[in-house]
Protein chains: 2
Amino acid sequence: MLVNGEQRDTVAIMDRGFQYGDGLFETIEVRANQPIFLQQHLKRLNADSQRLYLPKLDLDLLRSEIQQLCQNAGHAVLKIIITRGSGGRGYRQPDVIQPTRILSLHPFPDYPQSYYSDGIVARVCQTRLGLNPDLAGMKHLNRLEQVMARAEWNDAAIQEGIMLDFNGRVIEGTMTNLFYVKNGELFTAPLNLCGIAGILRGWVFEQMPVMEHDFFIDDLCDADEIFVCNSVIGIWGIRELNGQIYSANKITQNLQLALENEKQKQVTYAI
Amino acid sequence: MLVNGEQRDTVAIMDRGFQYGDGLFETIEVRANQPIFLQQHLKRLNADSQRLYLPKLDLDLLRSEIQQLCQNAGHAVLKIIITRGSGGRGYRQPDVIQPTRILSLHPFPDYPQSYYSDGIVARVCQTRLGLNPDLAGMKHLNRLEQVMARAEWNDAAIQEGIMLDFNGRVIEGTMTNLFYVKNGELFTAPLNLCGIAGILRGWVFEQMPVMEHDFFIDDLCDADEIFVCNSVIGIWGIRELNGQIYSANKITQNLQLALENEKQKQVTYAI
């Protein structure tokens with residue numbers, strides 16, 4: 001782990017990331033030492049920093065540290081955390097903000113191949129996503145809703161939980177964005193009131209037309225295909241949700257193939 | 001600072017308090033080495049721990065560490081943080097949870113006497129409180145809404161910002177609970193959808209009848225008195241909000257006096 005460029009595995013207790021969750025993170029697949037979709041991750045980190053009134057990121061420094069950390073990483077997960085740094089007690093920001101910058105490498109999870117080929121089993125969570133346009137879309141460090149939702153089940157046969165918002169609209173998975181297919185068209189939830197605007201979600205929007213609209217569990221019951229995605233798992237179809245079986249996966253498979261090609265391209269043409 | 005009983009000022013980066021804001025905190029006034037309303041703070045911490053599925057707190061251990069830390073503290077602020085401890089990457093809780101327990105002492109803020117006698121100036125924040133019954137009322141570590149709200153102003157003449165919820169209802173201050181008086185009756189917002197159920201708020205409920213109801217900024221314009229409270233500031237009347245002056249403060253002053261008596265009693269009869 002690198003904390004502001006130094007090898008450490010601790011952070012100050014007075015760091016506002018710890019005191020208030022006052023910061024952001026990115027989770028990135030590293031494949032053959034190459035961070036995949038790095039430009040997109042850094043772009044989001046930069047944009048979210050501005051929304052949180054954090055000082056401008058030094059992206060060159062960040063890129064150089066990422067390169068340093070990943071040079072022998074092989075297949076791994078790179079996590080970046082940026083916080084508002086240490087400050088006095090109280091919500092007020094310090095007059096001079098010195099952000100904390102943390103990079104860490106983690107083993108790539110050993111997901112069974114069947115999650116990709118056959119799909120996963122999902123459930124619907126009781127824990128709801130609160131509505132807050134000021135924070136919606138950001139990958140910030142306030143993640144208790146996801147922790148509470150993920151704590152609802154302990155059955156290893158279930159790989160993801162679907163989260164509704166306060167008004168019952170389907171938004172996303174605990175760790176993924178969610179799409180569904182109906183009559184060849186692709187749909188997902190708008191993220192203006194809650195949810196995290198994932199990098200893979202953005203990538204899917206570039207592959208084919210996606211309609212953002214409010215929808216409910218009933219709409220998922222009528223769907224032809226459902227899939228979830230994030231930067232680490234890639235794309236998993238859902239083969240079973242609440243006991244219902246989804247056997248179609250044509251669009252899901254096409255996107256999985258395109259994603260695999262994109263990742264191979266990034267690994268091959270990396271500098 | 002004490003981290004799990006040891007003097008340290010850092011915490012593991014993999015601590016879930018840092019990774020996800022997965023934990024709780026309490027902020028307690030220490031007066032003449034005595035933590036004020038300690039029973040109430042520990043009771044809330046215990047109750048919120050259960051809501052977050054944290055392991056049962058060892059309250060005897062916590063009390064003994066608090067006594068150790070406060071024995072020469074004089075007038076200070078004691079902060080307690082409890083997190084879900086370190087765990088692997090991902091929202092899923094570790095199978096064995098070993099909570100992190102942090103106690104820290106901070107100087108008591110040097111508030112001018114006029115905040116108590118004449119009241120403070122407050123403003124209305126743009127940042128809204130999201131709605132989430134699963135987290136409402138708890139003093140958890142996901143506090144970005146408060147950080148964003150407090151970042152809205154930098155004018156030292158303004159001491160507190162009033163926060164509305166997603167639907168425009170008045171809920172609380174960025175660091176306080178809020179009450180208003182109309183025709184001798186006391187009102188405050190229900191906290192079933194958002195907000196923090198403060199210890200001082202609970203104490204006010206024990207002093208006189210309080211009506212919990214939904215209200216809006218217009219209701220505050222019509223109010224006779226408004227005050228805010230928390231465990232560190234005690235009770236401050238609001239003398240000016242959005243340019244409007246509030247000159248009455250009879251009930252506010254009565255509660256301030258009663259609170260001062262209660263604190264003196266706790267200091268005098270402390271063991």
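**Close-ups of strand pairing and the A–B contact**

**View 1. Val11(A) sits across from Val11(B), which belongs to strand E3 of chain B.** This is a predicted model. The two valines come from a pairing between chains: strand E3(A) runs antiparallel to strand E3 (residues 10-12) of chain B, with three bridges linking them.

**View 2. Here's the wider contact between the chains, to which chain A and chain B bring 43 residues each.** On the chain A side, the elements giving two or more residues are strand E3 (10-12), helix H1 (16-20), strand E6, strand E7 (100-107) and helix H5 (144-150). H5(A) chips in the most, at six residues. Sort that side of chain A by class and you get 19 nonpolar, 14 polar and 10 charged residues.

**View 3. Strand E4 of chain A (residues 23-31) is largely enclosed by the rest of the structure, because seven of its nine residues are buried.** One of its partners is strand E6 (residues 76-83) of chain A, and the two pair antiparallel through eight bridges. To find your way along this pair, look for Glu26(A), whose bridge partner in E6(A) is Ile80(A). E6(A) also turns up in View 2, among the elements on the side of chain A that touches chain B.

**View 4. E4(A) also pairs with strand E5 (residues 34-35) of chain A, antiparallel and with two bridges.** Arg31(A) is the residue facing Gln34(A) of E5(A). Two residues lie between the strands of this hairpin, and Ala32(A) is the one to check there, with a positive phi near 50°.

Key:
Residues are numbered from 1 along each chain as its sequence is written. Chains are lettered from A and ligands numbered from 1 in the order in which they are written. This is a predicted model: local features need pLDDT of at least 70, side-chain atom pairs count only at pLDDT 80 or more; totals for chains, interfaces and linings use all residues. A residue is buried if 20 or more other C-beta atoms lie within 10 Å of its own, exposed if 12 or fewer, and partly exposed in between; C-beta atoms are placed from the backbone. Helices (H or I, at least four residues) and strands (E, at least two) are DSSP runs, numbered from the N terminus. Two strands pair if DSSP finds at least two bridges between them. Two residues are in contact if their C-beta atoms, placed from the backbone, lie within 7 Å. Ala, Val, Leu, Ile, Met, Phe, Trp, Tyr, Cys and Pro count as nonpolar, Asp, Glu, Lys and Arg as charged, and the others, Gly among them, as polar.
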